[in-house]
Amino acid sequence: MTTIVTDNCKSCRFTDCVTVCPVECFHFDDDMLYIDPDVCIDCSACIPECPVEAIFEVDDLPEDKEKWIEINAEKAADLPVCEDKMDPLPGAEERKTELGF
Amino acid sequence: MSNIGTEEHPLQVAIVGSGPSGFYACEALLKSDICVNINMLERLPVPYGLVRSGVAPDHPKLKQAIKVYARIAESPRFKLLANVKVGLDLSVAELTESHHAVIFANGAETDRKLGVPGEDIPGSHTATEFVGWYNGHPDYRDKVFDLKSETAVIIGQGNVAADVARILAKSVDELKHTDIAEHALDTLAESNIKDIYVVGRRGPAQVKFTPKELREFESLELCQTIIDSEEMLLNPESAMELEDKSNSAQRKIYEQLSKLAALEHSNKPRNCHFTFLKSPKELLGSGHLEKVVFEHNQLSGDALQQSARGTGETLELETGLLFRSIGYRGIAMPSLPFDEQRGLIPNMDGRISENQQALPGLYVTGWIKRGPTGIIGTNRADSVATVQSLLEDLQTLDTGTEKSGADGVCNLLQTRNVRYVSFEEWEKIDQSEIDRGQPKNKPREKYTYINEMLDLLG
Ligand SMILES: Cc1cc2nc3c(=O)[nH]c(=O)nc-3n(C[C@H](O)[C@H](O)[C@H](O)COP(=O)(O)OP(=O)(O)OC[C@H]3O[C@@H](n4cnc5c(N)ncnc54)[C@H](O)[C@@H]3O)c2cc1C
Ligand SMILES: NC(=O)c1ccc[n+]([C@@H]2O[C@H](COP(=O)([O-])OP(=O)(O)OC[C@H]3O[C@@H](n4cnc5c(N)ncnc54)[C@H](OP(=O)(O)O)[C@@H]3O)[C@@H](O)[C@H]2O)c1
Ligand code: SF4
Ligand code: SF4
């Protein structure tokens with residue numbers, strides 16, 4: 001079991017998810033966030049916070065998004081921890097509308 | 001401007017309570033750019049609040065949150081004074097005299113009342129008591145739960161009710177390698193329970209469980225889940241609720257319930273029934289609970305604001321065991337304002353307030369600030385917000401008088417013969433619990449009496 005960030009987070013990075021993570025397991029690059037599966041405690045606190053429904057429990061992950069399991073693990077291992085809320089990336093609001101949220 | 005919050009003049013902060021909200025407040029203070037000394041007071045000799053004594057023993061991964069708290073506690077600016085009850089061993093006034101600011105993070109330790117006749121008849125318990133008991137909380141160590149009844153009823157449909165139902169439904173094999181308290185495991189091993197009814201006052205579209213917690217009811221070793229498919233039918237307003245985009249989390253919950261309702265029945269020896277639109281009217285029995293009278297409800301009001309209204313039609317269920325799991329409730333702290341109706345400390349952005357006036361130097365966070373909802377991580381955002389208010393007030397917190405901090409408090413405790421427990425001493429208890437668990441293949445075997453914990457420290 002783990003919890004996965006998927007591509008809806010791309011060019012968006014509303015970091016509402018980070019503020020409720022009890023264990024600081026989000027990592028970030030210029031594009032999006034990733035969850036470190038070794039640190040995440042699967043509490044699901046982040047899932048309802050995401051305004052673009054980018055986060056899934058692995059059991060709920062749509063089939064076409066399964067590759068994100070590996071991407072989260074690999075990326076999180078090398079990237080810095082996101083400790084606090086960051087500014088959304090430019091164009092985030094537009095992308096949110098584009099995704100239909 | 002005063003130099004408060006600098007190396008020469010550190011801000012002295014007391015935090016009351018060592019649960020998630022207390023530790024996240026601590027983290028936020030330590031991350032800020034001011035120099036701060038933190039003294040955390042905890043009424044038990046052991047820290048971590050409901051992460052230790054609320055979170056279910058069969059959810060060990062969630063308890064890993066305590067690793068984060070142990071890391072916070074390593075700061076040389078942090079001090080734990082456990083086994084100290086604020087309001088009893090130390091007064092609020094004594095804390096404000098010795099600190100620039102006090103943050104109350106003392107949680108919600110009692111429970112809401114149903115307000116029906118027979119509520120307190122023997123055999124009727126609160127989920128709070130049962131949860132504390134199986135998790136080895138010293139307050140509930142000597143509670144007796146008689147599991148001879150073949151039927152158990154749980155009132156309420158939140159995640160605590162799910163925890164209680166699951167612990168009753170699981171086999172000893174499913175629990176024996178968790179950190180469940182030994183006395184509880186022994187009692188559960190003798191359980192006669194065959195039917196567990198989890199009863200909600202509203203409908204299947206309004207339950208407060210989360211999908212993951214419901215999914216666990218798909219695959220219990222000894223227990224099958226039973227939901228009457230007729231009971232899954234929705235009134236038009238509930239159907240509208242589930243269509244609403246803002247309510248998509250609730251739709252997932254309903255889908256998970258529907259999945260449970262569609263499961264083939266097997267012949268496992270225990271059944272867990274989820275049933276809706278019923279409120280207990282009366283608990284009956286001579287000297288001990290024998291039956292519960294329920295009234296059927298219907299929903300009234302607009303979508304997303306529906307409440308349960310009795311139809312007058314009643315139903316009786318024979319049972320000797322009932323748990324009220326309808327929410328926790330805060331306890332008033334002597335000399336602080338208290339909102340009796342909501343059971344919390346009134347505040348404005350985390351500043352404790354009375355008649356809309358903030359009381360200087362007094363702050364609140366976590367369940368005692370918001371009320372008893374939200375999971376571990378919810379308290380992190382909440383404590384960050386409270387600490388932000390405190391930092392905005394920084395200059396007003398220096399009243400010109402010297403604040404003795406830990407020295408002052410420890411002196412007082414010594415003159416009162418209060419045996420306070422430091423974080424290093426807790427680590428000793430922690431290690432001993434882990435060692436005791438090892439031969440049984442348990443992550444730990446908790447100490448459940450305060451004197452056992454203190455004896456260990458000598
Ligand atoms: C049964 C149950 C199961 C739960 N399971 C989960 C779960 O699986 N996952 C999840 O994310 N969340 C879970 N939660 C929610 C989570 O536990 C809470 O959100 C969280 O613990 C609230 O934190 P808090 O710090 O406000 O209060 P608490 O954790 O209650 O901490 C309050 C602390 O203050 C201390 N205290 C009280 N009065 C005084 C006093 N006068 N002086 C000194 N100290 C005092 C108490 O001893 C306690 O240690 C669960 C809650 C319950 C009740
Ligand atoms: N695994 C986990 O993540 C986990 C485990 C345990 C607890 N928690 C969290 O801890 C918090 C507290 O949980 P909780 O279960 O105590 O509270 P909760 O989620 O608020 O659920 C309370 C339940 O009691 C019902 N209720 C309230 N008053 C009632 C009355 N007078 N008669 C009948 N029913 C009544 C409510 O129904 P109405 O909706 O009609 O009011 C609701 O179903 C929640 O945020 C929960 O998610 C999480
Ligand atoms: S809230 Fe959602 S979109 Fe924003 S950073 Fe988190 S996962 Fe990405
Ligand atoms: S599930 Fe919990 S621990 Fe995991 S990333 Fe989300 S908030 Fe953090």
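I started with the shell around ligand 2 and sorted its residues by class: seven are nonpolar, eight polar and five charged. I'm keeping in mind that this is a predicted model.

Next I asked which of the 20 residues around ligand 2 come nearest. I noted B:Arg201, B:Arg202, B:Lys208, B:Glu213 and B:Gly374. I also checked which element gives the largest share of this shell, and that's helix α6 of chain B (residues 159-169), with three residues.

Then I looked up some polar contacts. B:Lys208 has a polar side-chain atom 2.9 Å from an oxygen atom of ligand 2. For B:Glu213, I found a polar side-chain atom 2.9 Å from a nitrogen atom of the ligand. B:Gln157 uses its backbone instead: an N or O atom there sits 3.0 Å from an oxygen atom of ligand 2. How much of the ligand does the protein cover? I got 84% of the 920 Å² of accessible area that ligand 2 has on its own.

On to the nonpolar cores. I read that in soluble globular proteins nonpolar side chains tend to be buried together. Here the largest core has 78 residues, and those with the most contacts inside it include A:Phe26, B:Leu11, B:Tyr69 and B:Phe78. Helix α1 of chain B (residues 20-31) gives the most to this core, six residues.

I picked B:Leu11 for a closer look. Leaving out residues up to four places away in sequence, B:Leu11 touches, among others, B:Ile34, B:Val36, B:His100, B:Leu390, B:Leu394 and B:Leu397.

Last, I found a second, separate core of 48 residues, with B:Leu147, B:Ala162, B:Val164 and B:Phe276 among them.

Notes:
Residues numbered from 1 in each chain as written. Chains lettered and ligands numbered in written order. Predicted model: local features only at pLDDT ≥ 70, side-chain atom pairs only at ≥ 80, totals over all residues. Heavy atoms only, no water. Core = buried A, V, L, I, M, F, W, Y, C linked by side-chain atoms within 4.5 Å. Buried < 20%, exposed > 50% of the residue type's maximum accessible area, 1.4 Å probe, protein only. Helix = DSSP H or I, 4+ residues; strand = E, 2+ residues; numbered from the N terminus. Contact = heavy atoms within 4.5 Å. Near = heavy atom within 4 Å. Polar contact = N/O pair within 3.5 Å; in protein donor to acceptor, adjacent residues only side chain to side chain. Areas by Shrake-Rupley, 256 points an atom, 1.4 Å probe, with all protein chains shown as cover. Nonpolar A, V, L, I, M, F, W, Y, C, P; charged D, E, K, R; others polar.
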